[in-house]
Amino acid sequence: MATYKAKPITINKPAADIAARFADLTYLQDSLDSLPAEERAKVGDVRFTADTIVMNTAQVGEIKFEVKERTPERVAFVTAGLPLPMPMTIAVDMKPESADVTEVVASLDIDIPAVLRPMVGGTMQKAVDQFAALIANLNK
């Protein structure tokens, strides 16, 4: 199992408010759709349903993440219907720094053979960094 983590992001909102946004992910779709075109383009082909995040990539195709865990400190998603047999979990950990400030860290755990890690590691890091940027943009 390989783990890729984005740099921590500080969001000027209480952790409970950020966690509440994950209760129904369609709210995130509304926020994503309202981003300026330039910011939206950086996110890529992503869409949300109530309990899933669906990403379309040129390398793999459609990747669907379903909610596995929802707590005030953590939201985790697991892959469903991935065309390749590589179990993946993407998570958002929220740590309150104060009543109105939260540190958010996105991470990606993927079960890939060690021999493939050097070839796909950069892509996986980029994916988790983009996910972290998405979370930050949607919580402005």
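The legends below describe close-up views of a predicted model. Local features need pLDDT of at least 70 and side-chain atom pairs count only at pLDDT 80 or more, while totals for chains, interfaces and linings use all residues. Residues are numbered from 1 along each chain as its sequence is written, and side-chain values use heavy atoms, with hydrogens and water left out.

**View 1. Salt bridge between R47 and E62.** A salt bridge here is a side-chain nitrogen of Lys or Arg within 4 Å of a carboxyl oxygen of Asp or Glu; the count by this rule is four. In the pair R47 and E62, the closest N and O atoms are 3.0 Å apart. R47 belongs to strand β3 (residues 46-48) and E62 to strand β5 (residues 61-70), so the salt bridge ties together parts that are 15 residues apart in sequence. Helices (H or I, at least four residues) and strands (E, at least two) are DSSP runs, numbered from the N terminus. R47 has a relative accessible area of 37% and is partly exposed; E62 is also partly exposed, at 42%. Buried means under 20% relative accessible area and exposed over 50%, with partly exposed in between (1.4 Å probe, protein chains only).

**View 2. Salt-bridge network of E69, R74 and D93.** R74 meets E69 in a salt bridge with an N to O distance of 3.3 Å. A salt bridge also joins the side chains of R74 and D93, at 2.8 Å from N to O. This second pair links distant parts of the chain, with R74 in strand β6 (residues 74-80) and D93 in strand β7 (residues 88-98), 19 residues apart. R74 is partly exposed at 23% relative accessibility, E69 is partly exposed at 28%, and D93 is partly exposed at 26%. Side chains of opposite charge can pair when their charged atoms come close.

**View 3. Buried residues of helix α2.** Helix α2 spans residues 26-33, and its buried residues are L28, Q29, S31 and L32. They cover an arc of only 165° around the axis, so they are on the same side of α2. The arc is taken from the directions between the helix axis and the C-beta atoms. An α-helix has 3.6 residues a turn, so residues three or four places apart point the same way. The buried residues of α2 pack against α3 (37-43), β3 and α4 (117-138).

**View 4. Largest nonpolar core, with I53 and its contacts.** A nonpolar core is a set of buried Ala, Val, Leu, Ile, Met, Phe, Trp, Tyr and Cys residues joined through side-chain atoms within 4.5 Å. The largest one has 38 residues, of which F22, F48, I53, F77 and F131 touch the most other members. Helix α4 gives the largest share of this core, seven residues. With neighbours within four places in sequence left aside, I53 is in contact (heavy atoms within 4.5 Å) with L25, V46, R47, F48, I63, K64, F65, F77 and F131. In soluble globular proteins, nonpolar side chains tend to be buried together.

**View 5. Surroundings of Y4 in strand β1.** Strand β1 covers residues 2-5 and contains Y4, which is buried at 12% relative accessibility. Not counting residues up to four places away in sequence, Y4 touches A106, S107, L108, I110, I112, R117, G121, M124, Q125 and V128. Y4 and I90 are 86 residues apart in sequence, and their C-alpha atoms are 9.4 Å apart in space.

**View 6. The loop between β8 and α4, with D111.** D111 is found in this loop and is partly exposed, at 38% relative accessibility. Leaving aside neighbours within four places in sequence, D111 is in contact with M1, M86 and P87. D111 and T3 are 108 residues apart along the chain, and their C-alpha atoms are separated by 8.9 Å.

**View 7. Nonpolar surface patch of V115, L116 and M119.** Together these residues have about 310 Å² of accessible area, computed by the Shrake-Rupley method with a 1.4 Å probe; for residues, only the protein chains shown count as cover. Patches are made of residues with over 30% relative accessible area and no salt bridge, where like charges are joined within 9 Å and nonpolar side chains (Val, Leu, Ile, Met, Phe, Trp, Tyr) within 5 Å. V115 lies in the loop between β8 (101-110) and α4 and is exposed, with a relative accessible area of 65%. L116 also lies in the loop between β8 and α4, and is partly exposed at 32% relative accessibility. The C-alpha atoms of L116 and A15 are separated by 36 Å, with the two residues 101 residues apart along the chain.
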